[in-house]
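Student: Could you take one part of this model and go through it closely for me? I would like to know how it sits against the rest of the chain and what it shows on the outside.

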Amino acid sequence: MAAFINTAFVLLFTWLGFTVMHTTFTGIPNNHLLGWLILSVAGVNGIVEIIVSAILVGIIATPIMSYLNRRHW
């Protein structure tokens, strides 16, 4: 869920930067900007973040769960 929310914020602020603040960058088309952002930012940022989050949750949750099981939580 956190990866989805973060990706949504990245898309929102990037879109705001390119449309409201009129930021320009070479190679980024001005027409169909939202489609380009979803394809590039969500595709790269979202997928990598979901994979890294799944790995980190496994690494962090294992010692916490073993500690809680020892305490009979």
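Tutor: What follows is a close look at one helix, after a few words on the whole chain. Happy to walk you through it: this is a predicted model, in which local features need pLDDT of at least 70, side-chain atom pairs count only at pLDDT 80 or more, and totals for chains, interfaces and linings use all residues. Residues are numbered from 1 along each chain as its sequence is written, and side-chain values use heavy atoms, with hydrogens and water left out.

The protein chain has two helices and zero strands (DSSP runs, H or I of at least four residues for helices and E of at least two for strands, numbered from the N terminus). Its accessible surface is about 5,900 Å², and carbon and sulfur atoms hold 76% of that (Shrake-Rupley method, 1.4 Å probe; for residues, only the protein chains shown count as cover). Of the 73 residues, 15% are buried (under 20% relative accessible area; exposed is over 50%, partly exposed in between, with a 1.4 Å probe and protein chains only).

Now to helix α2, residues 33–70. E49 lies in this helix and counts as buried because its relative accessibility is 18%. Beyond residues up to four places away in sequence, E49 touches A2, A3, N6 and T7 (contact means heavy atoms within 4.5 Å). Its C-alpha atom is 8.8 Å from that of F4, 45 residues apart along the chain.

N45, also in helix α2, is partly exposed because its relative accessibility is 23%. Outside its neighbours within four places, N45 contacts N6, T7, V10 and S40. From N45 to T7 the C-alpha separation is 6.7 Å, across 38 residues of sequence.

I51 of helix α2 has 49% relative accessibility, so this residue counts as partly exposed. I51 is one of the residues in a nonpolar surface patch, with V44, I47, V48, V52, I55, L56, I59, I60 and I64, and together they have about 930 Å² of accessible area.

Patch members have over 30% relative accessible area and no salt bridge; like charges are joined within 9 Å, nonpolar side chains (Val, Leu, Ile, Met, Phe, Trp, Tyr) within 5 Å. A salt bridge is a Lys or Arg side-chain nitrogen within 4 Å of an Asp or Glu carboxyl oxygen.
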